Number of protein chains: 2
Amino acid sequence: MGHVVYIATSLDGYIADRDGGLDWLHSVPNPEGDDLGFAEFIAGVDALVMGRNTYQTLLDFDLELPAQWPYPKPVYVVSRQPVTVPAALEGKVFALAADDPRGLSDRLAELGHQRLYVDGGRTIQGFLAAELIDELILTQIPILLGGGVPLFGALAEPQAFELVHSEVLLGALVKSHYRRRR
Amino acid sequence: MGHVVYIATSLDGYIADRDGGLDWLHSVPNPEGDDLGFAEFIAGVDALVMGRNTYQTLLDFDLELPAQWPYPKPVYVVSRQPVTVPAALEGKVFALAADDPRGLSDRLAELGHQRLYVDGGRTIQGFLAAELIDELILTQIPILLGGGVPLFGALAEPQAFELVHSEVLLGALVKSHYRRRR
């Protein structure tokens, strides 16, 4: 079973601005309590896998932990270096020694995690290039950033998808769900 | 009044593949006679402006001219070099000496063309960078190309848009209409 990407991008395909910032995500008002379908999505995955940069960006939000930690599923942080897990996140966040995407996928499958939510630019690009992504759930924010951290990278071959569903959220965001055609 | 971009891209934001090809656009079946709203759109613009490469790509389709020429509005081909217009396209296609986007926009306005359909990667990027685009009508084809000719380029500043409308076409394409927030 393939894995899934669930992420917001600018119209020009960036997931963070030139400084790695995410403030532009808030250019669209998000009424309190509206999770835009995230709870339903996260219920359908077994675990998350992300790189150390993405994890650090999350920690830098200065969330109240563990109350505001957004993930009810185990989060595996891929890193060549030791990863510091705050006491409040013990049992929620785990370090995972770096490996190629197929190796990571296999090791997490052995732990019972078949369907992974793959997050973070470099991790997503690696899993896509390894042909391990079956679903893309992309939310487009109506802004051109003109530079930043791109979601997608080079692929050896094109990958065709089918559209499962598309909807407008908050009158501003276009959220589209794609499934790989194999 | 600003100008408008109407174009199809891959999910990773390319308008042509690595060889400049457009075959991937046909990865989605398009029932004969369904113009996907193009006729209504083109009725609302005064003229088209495109670069020589885009014009040449059009000619290379070996359309039956003038019968299959897709544009009922004047097409201005921006070029530093002379542009060859086939006899069948006289009165439909005009050469326009290269200039910066604002100069082009001003000259076409003097000819009575207020609202331009701006086409072709480099021309679109130039008009966007010059803050001359007010509307984006983007149709996403459900494929990752993994490389090719990107639609968007660098901008000095982010540009915010509002979503006017989004719809699914042929059960496969997501067509979204954005208007610049000024």
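Trainee: Let's start with a proline: in which loop of chain A is A:P66 found?
Mentor: Keep in mind that we're looking at a predicted model. The peptide bond leading from A:L65 into A:P66 is cis, with omega near 0 degrees. Follow chain A past that bond and you'll see that A:P66 belongs to the loop between α2 (52-60) and β4 (75-79).

Trainee: And in chain B, which residue is joined to B:P66 by a cis peptide bond?
Mentor: Look in the loop between α2 and β4 of chain B, because that's where B:P66 is found. Most peptide bonds are trans. Here, omega is about 0 degrees, and the residue joined to B:P66 by this cis bond is B:L65.

Trainee: On to the big picture, then: what is the order of the strands in the open sheet?
Mentor: There are 9 strands in it, and their pairing is mixed. At the edges, where a strand pairs on one side only, sit β8 (143-144) of chain A and β5 (93-97) of chain B. From one edge to the other, the order is β8(A)-β10(B)-β11(B)-β7(B)-β1(B)-β6(B)-β3(B)-β4(B)-β5(B).

Trainee: Which residue is the bridge partner of A:L144 in β10(B)?
Mentor: Here a strand of chain A meets a strand of chain B. β8(A) pairs with β10 (residues 159-169) of chain B in the antiparallel sense, over 2 bridges. Within that pair, A:L144 has as its partner B:Q159.

Trainee: How many bridges join β1(B) to β7(B)?
Mentor: These two strands run parallel. One place to look is B:V4, which stands opposite B:E135 in β7(B). Count along the pair and the number of bridges is 8.

Trainee: What about the neighbour β6(B): which residue there is the bridge partner of B:V5?
Mentor: β1(B) runs parallel to β6(B) as well, and 2 bridges join them. Across from B:V5 in β6(B), the partner is B:V118.

Trainee: How many of the 8 residues of β1(B) are buried?
Mentor: To count as buried, a residue needs 20 or more other C-beta atoms within 10 Å of its own. Put that test to the strand and β1(B) comes out mostly covered, with a buried count of 6.

Trainee: Is B:A97 buried, exposed or partly exposed?
Mentor: B:A97 lies in strand β5 of chain B, and β5 of chain B is an edge strand. Exposed would take 12 or fewer C-beta neighbours within 10 Å, and buried 20 or more. With 13 other C-beta atoms inside that distance, B:A97 is therefore partly exposed.

Trainee: Which residue of β11(B) stands opposite B:L138?
Mentor: Strand β7 (residues 133-141) and strand β11 (residues 173-180) of chain B pair in the antiparallel sense, over 6 bridges. Find B:L138 and look across into β11(B): opposite stands B:S176.

Trainee: At about what angle does helix α2 of chain B run to β3(B)?
Mentor: Helix α2 (residues 52-60) lies across β3 (47-51), β4 (75-79) and β6 (116-119) of chain B. Helix α3 (residues 101-110) of chain B packs on the sheet too, and its direction makes about 150 degrees with that of β3(B). For α2 of chain B, the angle to β3(B) is about 100 degrees.

Trainee: Which element gives the largest share of the side of chain A that touches chain B?
Mentor: The contact takes 30 residues from each chain, A and B. On the chain A side, β8, β10 (159-169) and β11 (173-180) each give two or more residues. The largest share, 7 residues, comes from β10(A).

Trainee: What kind of axis relates the two copies?
Mentor: A turn of 180 degrees, with a shift of 0.0 Å along the axis, lays chain A on chain B with an RMSD of 0.0 Å. The copies are thus related as by a two-fold rotation axis.

Trainee: Which residue of chain A comes closest to the rotation axis?
Mentor: Judge this one by C-alpha atoms. At 3.5 Å from the axis, the residue of chain A that comes closest is A:G13.

Trainee: Last one: about what positive phi does B:L170 have?
Mentor: B:L170 lies in the loop between β10 and β11 of chain B. Most residues other than glycine have a negative phi. B:L170 isn't a glycine, yet its phi is positive, about 55 degrees.

Definitions and conventions
Residues are numbered from 1 along each chain as its sequence is written. Chains are lettered from A and ligands numbered from 1 in the order in which they are written. This is a predicted model: local features need pLDDT of at least 70, side-chain atom pairs count only at pLDDT 80 or more; totals for chains, interfaces and linings use all residues. Two strands pair if DSSP finds at least two bridges between them. Helices (H or I, at least four residues) and strands (E, at least two) are DSSP runs, numbered from the N terminus. Two residues are in contact if their C-beta atoms, placed from the backbone, lie within 7 Å. Axes are lines fitted to C-alpha atoms, for helices over the stretch in contact, and angles run from 0 to 180 degrees between N-to-C directions. Copies are superposed by least squares on the C-alpha atoms of residues with pLDDT of at least 70 in both.
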